[in-house]
Amino acid sequence: MLVARPGHSAGGAQSPSRDDLLRFPRVAPRPETPARAQFDRFFGTGDGPGAALVECSSLILMRELLRRTDHVGCISRMQASAEIDLGALVALDVVLQGSAREIGLTTRADWLPTPAQARMVAILREGGGLT
């Protein structure tokens with residue numbers, strides 16, 4: 001998902017276009033990550049005044065950069081949810097096609113979960129996060 005600070009001009013726009021967003025500098029995850037692949041598919045090699053790109057793997061650094069500047073950031077919905085709920089960031093009205101992906105849980109064949117781990121797996125299964 002694409003996010004920005006509250007009050008950012010792109011946040012007030014109804015479905016800002018790629019060209020609208022190219023006017024702003026951007027913050028993106030490191031290459032070789034699923035979120036970066038979404039970012040690159042949407043923005044491509046976009047030139048223009050907003051062509052400046054900060055690569056960042058720290059949610060805290062990204063949040064603070066977005067809160068204090070006109071950067072637009074790309075981050076997963078789950079990572080951004082607390083920041084959005086707290087009002088630190090706003091989700092931009094932009095659909096990143098093909099951005100949904102499954103996230104799995106891998107365990108050893110002989111794994112015996114602790115009670116807390118078993119509960120966490122149960123919660124994930126109940127919420128539809130695991131199959």
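These are my notebook entries on what I looked up in this structure, which is a predicted model.

**Entry 1, confidence.** I began with the scores, and found that the chain averages a pLDDT of 84, with 87% of the residues scoring at least 70. Helix 1, residues 9–12, has the lowest confidence at a mean of 79, while strand 1 has the highest at 93.

**Entry 2, the sheet.** I then traced the strands, and noted that five of them form an open sheet with mixed pairing, in the order 3-2-4-1-5. Strand 3 (53–55) and strand 5 (90–91) are the edge strands, and each has a single partner strand, so one side of each is left without a neighbour in the sheet. Looking at one pairing in detail, I saw that strand 2, residues 26–28, runs parallel to strand 3 and is joined to strand 3 by three bridges. Within this pairing, valine 27 is placed opposite valine 54 of strand 3.

**Entry 3, two helices on the sheet.** I looked up which strands helix 3, residues 34–43, lies across, and these are strand 1, strand 2, strand 3 and strand 4, with the helix running at about 145° to strand 2. Helix 4, residues 59–68, also lies across strand 1, strand 2, strand 3 and strand 4, but its angle to strand 2 is about 170°. In helix 4 I found Met62, Glu64 and Leu66 buried, and the cover over the buried residues of this helix includes strand 1, strand 2 and strand 4.

**Entry 4, arginine 67.** I stayed with helix 4, where arginine 67 is also found. Its relative accessibility is 40%, and because buried means under 20% and exposed over 50%, arginine 67 counts as partly exposed. Setting aside neighbours within four places in sequence, I listed its contacts as Arg5, Ala88 and Leu89. I also checked histidine 8, which is 59 residues from arginine 67 in sequence, and the two C-alpha atoms are 9.2 Å apart in space.

**Entry 5, the phenylalanine rings.** How many aromatic pairs does the structure hold? I found two. Phenylalanine 39 and phenylalanine 43 make a tilted pair, with 4.9 Å from centre to centre and 50° between the planes. Both lie in helix 3, four residues apart, which is about one turn of the helix. For phenylalanine 42 and phenylalanine 43 the ring centres are 4.9 Å apart and the planes stand at 90°, so I recorded this pair as edge-to-face. Ring pairs therefore link Phe39, Phe42 and Phe43 into a cluster.

**Entry 6, around phenylalanine 43.** Are these rings buried or exposed? Phenylalanine 39 is buried at 3% relative accessible area, phenylalanine 42 is buried, and phenylalanine 43 is buried at 1%. Lastly, I noted that the charged end of arginine 26 sits over the ring of phenylalanine 43, 4.8 Å from the ring centre.

Technical notes:
Residues are numbered from 1 along each chain as its sequence is written. This is a predicted model: local features need pLDDT of at least 70, side-chain atom pairs count only at pLDDT 80 or more; totals for chains, interfaces and linings use all residues. Side-chain values use heavy atoms; hydrogens and water are left out. Two strands pair if DSSP finds at least two bridges between them. Contact means heavy atoms within 4.5 Å. Axes are lines fitted to C-alpha atoms, for helices over the stretch in contact, and angles run from 0 to 180 degrees between N-to-C directions. pLDDT is the predictor's confidence in each residue, from 0 to 100. Buried means under 20% relative accessible area, exposed over 50%, partly exposed in between (1.4 Å probe, protein chains only). Rings of Phe, Tyr and Trp (its six-membered ring) pair if their centres lie within 6.5 Å; planes under 30 degrees apart count as stacked, over 60 as edge-to-face and the rest as tilted. A charge sits over a ring if NZ of Lys or CZ of Arg is within 6 Å of the ring centre and within 35 degrees of the ring normal.
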